[in-house]
Every structure is written in structure tokens, then in C-alpha cells.
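Welcome, and please get your viewer ready for a short walk. We will select one piece at a time and look at what surrounds it.

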Amino acid sequence: MKLDHLFSTFRIKGMELKNRSVMPAMGTGYASADGTATDRLLTYLARRAAGGTAMIITEVCAVDTRGKGFPNELGAWGDHLIPSLARIPDALHPYGAKAVLQLHHAGRETFPVAAGGMPEAPSAIPSAILGQPCEEMSVQRIADVVDAFGKAAARAKKAGFDAVEIHGAHGYLLTQFLSPFSNQRSDAYGGSEENRSRFVLEVVEAIRGAVGSDYPVIIRISADELIRGGYDLEFMKRFSPRLVAAGVDLIHVSLGVYSTPGNLSIASMDTDPGFNLFRARAIKEAAGVPVIGVGRITPELAEQAIARGDADLIAFGRQHLCDPDFINKLQQGNEKDIRWCVACNQGCIERLSFEMKSATCTFNPSCGREFKEGQGAGGAVHGPGVRPDGQGHAADTSRNGRRVWIIGAGPAGLSAALAASEKGCAVEIFERDESPGGQVRPASRPPHKEAFLDWVNWAVNQLEKRKVPIRLREEITGSRLSAARPDAVILASGALPAVAGIPGIDSAHVFDARDVLMGRVGLKDPAVVLGAGYVGMETADFLIKKGIRVVVLEMQAVPPVGKFTAHGYWLHKRIREGGGRLIFGAEVTNIGPNAVSFVQKDQEWREPAAMVVTAMGARSENGLEAVLEDLGIPCLTVGDARSPRRLLEAIHEGHKAGLEI
Ligand SMILES: Cc1cc2nc3c(=O)[nH]c(=O)nc-3n(C[C@H](O)[C@H](O)[C@H](O)COP(=O)(O)OP(=O)(O)OC[C@H]3O[C@@H](n4cnc5c(N)ncnc54)[C@H](O)[C@@H]3O)c2cc1C
Ligand SMILES: Cc1cc2nc3c(=O)[nH]c(=O)nc-3n(C[C@H](O)[C@H](O)[C@H](O)COP(=O)(O)O)c2cc1C
Ligand code: SF4
């Protein structure tokens, strides 16, 4: 891949960037509740700097405690935080990366537990998504927050940051003021476009006043709210030159707010790569300053966008979580080694927002664990530097030659093999199927999920390089274990589909979703899918795309797949628009030759079905655990074999077991 434009330098005021790649702000949950940076955060950031990116924008950093979006958000609300902030540029500069602090106030998009009281906003309109009541800001309070932004920017400069980025996107306080949807004030800060713009312009002016004329000031905007009653791209094209006049040097063109359907601020695999680049170009033309493009941008698209002049810099967000070294690998022409982000959102933003846990990556179990795993400790910050080749963990030869058998080449087994081989174990993987990947193979068949298989190919390629054998079509049995007696076993034998005791379930026209997705059965129309979890919904999506009429029956009254996740939203939409029907609270009583009978609200119903597809969960396949115990062979059971869950648990548990076995 020729990437001359991506690897050209760029200058904004005094800040010279070594290439055009930016790691945009991504909240991690790694900071302390008092707003200070932790070793974990610093090592995670330094690890990305070592990977070759030119500019790292920190995650949201609160300018005022009332504006915290989550309890352990990084802070810049007081001078006492300057020494902690200073550790960030100190950690990044040794790798040639520039450090930018993102200045943030969440407005109404937060909870009292984070904000330390009732959240504040331009108007007392609760967030459409969080439903949290909030309080209208007084004019005095607006002035205080403007002042807080200015003071926080001055602290960033003092702490050694190369620039600041104002978070004016994604539905936080600045967007809330701009939006006619969330700003319904009748004073000088609301009503007309002029009035709604006032707060943001005052923030920019305060920051420019605080940092002086030579210091780069970036603003991140949502170019379009994409909600009914919100502002649109035309407004932003009119407004962006005013941002420049107020003191902005560079505009980071993001998209959407909390209630934008399908979460286009952090678009899932359901949205095409590069979908937002045309807005970057529109803002660049309107504002007359350089812009950063963002939103599922691949390196090829980045190269084309810079060459065409759509954008000057490119933000690669989640790709930095999935593979911190991808920029170096691209520069070295080493694309095959890149672990690609698939935009699943499960391990990063959904874990942070819905599970209230710190962010990581489904496919990169080391993300957020760099400090624990001894992947270097942030150069000048403390201890040895992050390994410049970006690979692996601190050298440890204690397990050299230990014979470790891994049973199952699904994600848990492959991940375990990668970690154990890195620790020096003599690893062999056994897989009874003809191909590795386990359930990832059917999981990659529904629409938009093809890229899931890339991870399997990546893992196999890494294992081949390390000469770890994957013995296909070899089923491990108790007698085989007893004969070979490996030193230790990682049992990653996964899960089989669960079977329900419904009359007629054994009929010839009833198939498991995995077989349907793998093309092992001929499709018939119409189909009834039993179960509306992700597997059932994705199988319905798959069948609808093949032209089959589909009804999904689900026992639970509440949809197990919500529309609040991006993928969930798009699944519901595609199924609905494709003519599929979802019936909840439906208890299936019988599967007949041409129809499925079910009871809903005490009434009996029949749905015609030429084919019935079961997607009713999974059951662990871990019978070898008892055999291994009898043989006295140490064993760690991981992934679905421990309990059926998701890829994240499989890959992370496999990794941990591989490091520990
Ligand atoms: C259609 C579908 C879609 C999915 N989509 C998602 C998704 O989007 N996100 C997500 O997080 N999760 C998803 N999942 C779930 C996810 O794929 C599983 O949680 C994950 O694959 C579990 O990994 P594992 O390695 O533990 O087990 P598996 O993937 O089940 O792999 C186990 C492997 O062990 C082999 N094996 C078993 N016993 C033996 C033996 N005795 N000897 C040799 N080999 C043996 C099996 O053949 C298999 O290849 C999906 C699952 C399906 C079916
Ligand atoms: C876990 C996570 C946290 C995020 N936190 C922030 C944030 O703190 N500030 C911000 O402006 N954007 C945040 N974003 C959005 C990203 O900066 C980026 O715009 C988005 O991921 C789209 O880029 P990508 O498709 O390259 O990942 C976050 C995204 C993720 C995945
Ligand atoms: S969890 Fe999914 S979306 Fe998030 S970085 Fe990893 S692969 Fe990408």
C-alpha cells in the first residue's frame, strides 16, 4: 500500500507532526477518581505513542468537577492537577508523539455520581438517552464555566501539552448550547442562532486569551447532530468560520450526539468506512483551516482523503486500541501483521458506557493491561521504555519448553496459544474441525460481520510465524491425554448449541443457526427463528438478505438485543425494513411440519414455517475437565467451555491462561 500522503509531515503553528495520523480522544476509565493520571493510563498512552502515531489527544479531561462525564475522568479543574497532567506529555514525547489535552464538560450527558450533584445544561431538558434530570445554568454559572475552560487550557500549556482540543462534539455541553433541541433558553445564550453560538465562541476566546496567539487550539465538533430538531451540516458550515475568527486553528470533524440513531459518533461495523469524510471536506472548505477527518477511516481511505484534500489529518480511534503498532507496521509495509478493529464496539465503548467497566478491546487483551503485563512503563515516566517493536511482554524464560496442549482452536484457544508461546511454552493446538476459528466462523457470516474472520487469520498467521502447530481434524479424547500426558492443558473446547425440549424440535426441517450461517443446509421460505438474542437476530438478518421471509419468536417479553447499542439499532432496523417480524413474549409449544405454534398472552398462535432455525443459547463443552483432574494434569478452562459468553471473555481468558499456565 502506498501511503506517501499519510506519512508526510504537517505543521500547525509551532507543532510539527511526523505524519498525519492522530489518536483521537477515547475515554478509558483508567484515571483516578481525583482526576489524576495513573501509571496504567500513562503506560497505555505511551504504548500508542511507541506505535508511531504523530499526535495523541487524551481522553476527555474535565475543566470543572460538575462537568465530569464519569467518576474517574481525567481532570484539569485545579492547579494541583498540573503535576499529574505533566506526566502525559512526558510519557509521549520520548516517542516523538505530540500530546494534546481534550478539554471537556459533559453538561447533561452525565449522572450525579460523576458530576457530584445535579448535572447542569443550557436548559433543564433531561438527556434523551440517560433520562437524567438536569438544571438550567445561570448566566453567572455560564461565565464560570467559560472561565474554567480558559484556566484549564492554561494548565495544559503549563503542563507541557503541545496543544489543546476543545470537546465541542457528541452532545456534551458545547453541543448542547449550539443545538436548538437541547438549548431552549430565552436569554442571550439561547433562541436565535447567534445566541446559541455565544457560549461556544466565548469558550474559544477564553482559551485563546489564556494560551496566547502561538499555541495550537483545536476544536472537535459534531458536523451534524443528525437528530430531528437538532442543528445540521449547513449550520456548521456557517458557524465554523466564526470558530476560526474566535481563535481556532484546526477543526476535528466528528458527528452525532447521544441520541443520534445508530451511534454515528462511534459507528459500528454496520456503517461503511469513511462515511463521514465528506463532512470534513465541507467544513474545511467553509472554515478555511485544516481539518481532522474521523469515523471508520482505513489507511487506504486516509491516503486518498489527504491526497484529495478532504482532510489534512486522520484520526484512527478504535484501531489504536486494537493494534497500538499499526502505524509503524503500515510504515514498514508490514500490513499482514496488523490486527484490524472490526468496529464491534463491545470491548471498548459499550463496556465503558453500558457495563461501567474500563475500556479495552475485544481482540486485544493487552489493551489497558500494558502496565500489568510489563510492556514497558512509559519511557521517561518510569522504568524501561515500551519495546519499540511493539511486540509482546517482558522477556520471561521460566516456562521455556513446558509442553502445553491447547484443546480447541476457537478464539479462546488461539489467544491462549499466542500468549503461552510468547512465554516460551512448547505449545500445540488441537482442533477437531477442518479449520480454526470455532464459532467465529459462523459469527462472521451475517451481514457486516465478515471482518470478524480477519482476527482468526491474523492469529493463525502470528502462530505460524512462531511455528506453533495447529493440528486440525484432531479430536482430543481422554485416552489421547492419558497417553501423551502434556505438562499442562488449556481447555478451550467452547460450547455447542443449547437444545430445548420443544415437541418437534428433532424434525428434519429444524436446523441450528450455526449450520444455517455456514451454508450447511438448503434454505427454505418462510423461516421461523427461535430466539432473538444476537445469534437469532443476526441469523434473521442473514436470511432476509437471502430473500427469505422471517419471523423471530422470543420467549422474553423485553427484546434481549436493545436498540441502544449501534449494532442492535441497525439489526432492528434492517430486520424491520426487510419485512421481518419480531414477536416477544412468545412461548413455543410445538414445531409442526409446516408451522410453529406458540402462546403469547394466553392466546395460541401459529406461524407458517418451511424451515425452523434454533438460536436459543449455548451449553459449555467441558467434559475433559474431569478426565484431566483424574490424570493429575494441570488445566485451565477458558472461554465458552467455562461458560458460554462472548468473544471478549474467550480471547481475554485465553490470553490470561496462556500467560499463567
Ligand atoms: C452466529 C454467532 C455469532 C456470534 N457473534 C458474536 C459477536 O458478534 N460477538 C461476540 O462477542 N461473540 C459472538 N458470538 C459468540 C462467540 O463466537 C463465542 O463466545 C466464542 O467463539 C467462544 O470462543 P471459544 O474459543 O471459547 O469457543 P468456540 O468458538 O466454540 O471454539 C471451541 C473450539 O474447540 C473445538 N473443540 C471442542 N472440543 C474439542 C476437542 N475435544 N478436541 C479438539 N477440538 C475441540 C471446537 O471444534 C471449536 O472449534 C457468536 C456466536 C455465534 C454462533
Ligand atoms: C472507548 C471510546 C471512548 C471514547 N471517548 C471519547 C472522548 O473521550 N472524547 C471524544 O471526543 N471522543 C471519544 N470517542 C470517540 C473517538 O474519539 C472517535 O471519534 C470514534 O471512535 C470514531 O473513530 P474510529 O471510527 O476511528 O474509532 C471515544 C470512542 C471510544 C471507542
Ligand atoms: S472492541 Fe471492537 S470496536 Fe472496540 S477497538 Fe476492539 S475491535 Fe474495535
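Which elements do the buried residues of α1 pack against? Before you look, keep in mind that this is a predicted model.

**Stop one: helix α1**

Select residues 39–50, which form helix α1. Its buried residues pack against the strands β3 (21–23), β4 (55–62) and β5 (74–75), and against the helices α2 (82–92), α10 (318–322) and α11 (326–331). Show those elements together with α1 and you have its surroundings on screen.

Next, colour the buried residues of the helix: Leu 41, Leu 42, Thr 43, Tyr 44, Leu 45, Ala 46, Arg 47, Arg 48, Ala 49 and Ala 50. Because 10 of the 12 residues of α1 are buried, the helix is largely enclosed by the rest of the structure.

You can also check its length with the distance tool. At 1.5 Å a residue, the 12 residues should span 16 Å, and the end C-alpha atoms are indeed 16 Å apart. Then step past the helix to Gly 52, which follows α1 and has a positive phi, near 110°.

**Stop two: strand β21 and its neighbours**

Now jump to residues 550–553, strand β21. Are its two faces covered or open? Both are covered: Val 550 and Val 552 are buried on one side, and Val 551 and Leu 553 are buried on the other.

Add residues 527–530, strand β20, which pairs with β21 in the parallel sense over 4 bridges. Here Val 528 stands opposite Val 551. Show helix α18 (residues 534–545) as well, and you will see β20, α18 and β21 make a right-handed β-α-β unit.

Then bring in strand β22 (residues 581–583), which runs parallel to β21 and is joined to it by 3 bridges. In β22, Ile 583 is the bridge partner of Leu 553. Follow the chain from β21 through helix α19 (residues 566–577) to β22, and you trace another β-α-β crossover, which is right-handed.

**Stop three: Glu 607**

Finally, select Glu 607, in strand β25 (residues 603–608). Is this residue buried or exposed? Glu 607 has a relative accessible area of 10%, under the 20% cut-off, so it is buried.

What does its side chain make a polar contact with? The partner is the side chain of Arg 581, at 2.9 Å. Leave the earlier strands on display, since the residues that Glu 607 touches include Val 528, Val 551 and Ile 583. Asn 594, Ala 595, Val 596 and Phe 598 are also among its contacts.

Key. Residues are numbered from 1 along each chain as its sequence is written. Chains are lettered from A and ligands numbered from 1 in the order in which they are written. This is a predicted model: local features need pLDDT of at least 70, side-chain atom pairs count only at pLDDT 80 or more; totals for chains, interfaces and linings use all residues. Side-chain values use heavy atoms; hydrogens and water are left out. Buried means under 20% relative accessible area, exposed over 50%, partly exposed in between (1.4 Å probe, protein chains only). Two strands pair if DSSP finds at least two bridges between them. A crossover is right-handed if, with the strands pointing away from the viewer, the path from the first strand over the helix to the second runs clockwise. A polar contact is a pair of N or O atoms within 3.5 Å; within protein, one must be able to donate a hydrogen and the other to accept it, and residues adjacent in sequence count only if both atoms are side-chain atoms. Contact means heavy atoms within 4.5 Å. The expected span of a helix is 1.5 Å times one less than its number of residues. Lists of a residue's contacts leave out its neighbours within four places in sequence.
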